[in-house]
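Let's take a guided walk through this model, from the overall fold down to single side chains. Keep the viewer open as you read.

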Amino acid sequence: MSEFPLESKESPEYLAEGVVAMVDHVLGLAATWTEWDGEPTHVDDRVYTPHKAIRRVADHLVDHLAELEARLVGEQPQPDHWHASASTTEADLVPFTQEDLEEARSRLTRLARIWANRIQAMTEEQLDDSPGEGWSFRELALHLRGSTYYADSVGKLA
């Protein structure tokens, strides 16, 4: 069963705006993370930190973008080898600085624009009748909105 309603027929522009809005939401929370006290947050069965949240959002955008691009040219998507949110690295545990925030802004806003541009260049047919196995490209774009989960797990800190 899909996590998306079957009547979900948002326009390419609306889908693109959704990915950009997701990144804006993440970065809005991240702007408060320079106040992080170094204590990881426990949500569900996972541990989250500011760096881990940014890493997971970026990885999610990259992973599904690579899938989309591979399927568009008739290739099988490469399997991912992310450790995902089950793993917390030493790098995830270091303080989140103003420089880290600036890096995250550059990285995530560029990824969001790549997604937005790609989605807006697609026809309704391409969004729904996507080549290869897996979710349609429309469903992938809708799925990316859920990437706020990682940042929401850390929350607003100031």
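The chain has 6 helices and 2 strands, where helices (H or I, at least four residues) and strands (E, at least two) are DSSP runs, numbered from the N terminus. Following the sequence, you meet them in the pattern α-β-β-α-α-α-α-α. Before going further, please keep in mind that this is a predicted model, in which local features need pLDDT of at least 70 and side-chain atom pairs count only at pLDDT 80 or more, while totals for chains, interfaces and linings use all residues. Residues are numbered from 1 along each chain as its sequence is written, and side-chain values use heavy atoms, with hydrogens and water left out.

How does the overall size look? Along the principal axes, the C-alpha atoms of the chain fill a box of roughly 50 × 30 × 25 Å. The radius of gyration, taken over C-alpha atoms, is 16 Å, which agrees with the value near 15 Å for a compact globule of 158 residues; the globule rule behind that value is 2.2 Å times the number of residues to the power 0.38. Of the 158 residues, 42% count as buried. Here buried means under 20% relative accessible area, exposed means over 50%, and partly exposed lies in between (1.4 Å probe, protein chains only). As for contacts (heavy atoms within 4.5 Å), take those between residues at least 6 apart in sequence: 84% of them join residues at least 24 apart.

A good place to begin zooming in is valine 20, which sits in helix H1 (residues 12–30). Leaving aside residues up to four places away in sequence, valine 20 touches Ala112, Arg113 and Ala116. Valine 20 counts as partly exposed because its relative accessible area is 21%. For a sense of distance, valine 20 and threonine 88 are 68 residues apart in sequence and 26 Å apart in space, C-alpha to C-alpha.

Now turn to the charged side chains. Side chains of opposite charge can pair when their charged atoms come close. A salt bridge here is a side-chain nitrogen of Lys or Arg within 4 Å of a carboxyl oxygen of Asp or Glu, and a search of the whole structure finds 8 of them. One of these joins the side chains of arginine 118 and glutamate 69, at 2.9 Å from N to O. This pair links distant parts of the chain, with arginine 118 in helix H3 (residues 98–120) and glutamate 69 in helix H2 (residues 50–72), 49 residues apart. Arginine 118 is partly exposed at 29% relative accessibility, and glutamate 69 is partly exposed at 30%.

Another salt bridge connects arginine 107 and glutamate 103, at 3.9 Å from N to O. These two residues are separated by about one helical turn, because they are 4 residues apart in helix H3. Arginine 107 is partly exposed at 41%, as is glutamate 103 at 47%.

Further along, the side chains of arginine 138 and aspartate 128 meet in a salt bridge of 2.6 Å, N to O. This pair also links distant parts of the chain: arginine 138 lies in helix H5 (residues 137–144) and aspartate 128 in helix H4 (residues 124–128), 10 residues apart. Arginine 138 is buried, with a relative accessible area of 2%, whereas aspartate 128 is partly exposed at 26%. Salt bridges that share partners join Glu124, Asp128 and Arg138 into one network.

Which residues line the largest pocket? They are His51, Ile54, Arg55, Ala58, Phe96, Asp100, Glu103, Ala104 and Arg107. H2 and H3 are the elements that give two or more residues to this lining. The lining divides into 4 nonpolar, 1 polar and 4 charged residues, where Ala, Val, Leu, Ile, Met, Phe, Trp, Tyr, Cys and Pro count as nonpolar, Asp, Glu, Lys and Arg as charged, and the others, Gly among them, as polar. The pocket has a volume of about 150 Å³. For the method, a 1 Å grid is laid over the protein atoms alone, and a pocket is an open set of points where a 1.4 Å probe fits, with protein on both sides within 12 Å along at least five of seven lines; lining residues have an atom within 4 Å of a point. Grid points are joined across faces, edges and corners, and a volume is the space filled by probe spheres set on the points.

Finally, look at the backbone of aspartate 44, where phi is near 55 degrees, a positive value in a residue other than glycine. Aspartate 44 lies in the loop between strand E1 (41–43) and strand E2 (46–48), and counts as exposed at 66% relative accessibility.
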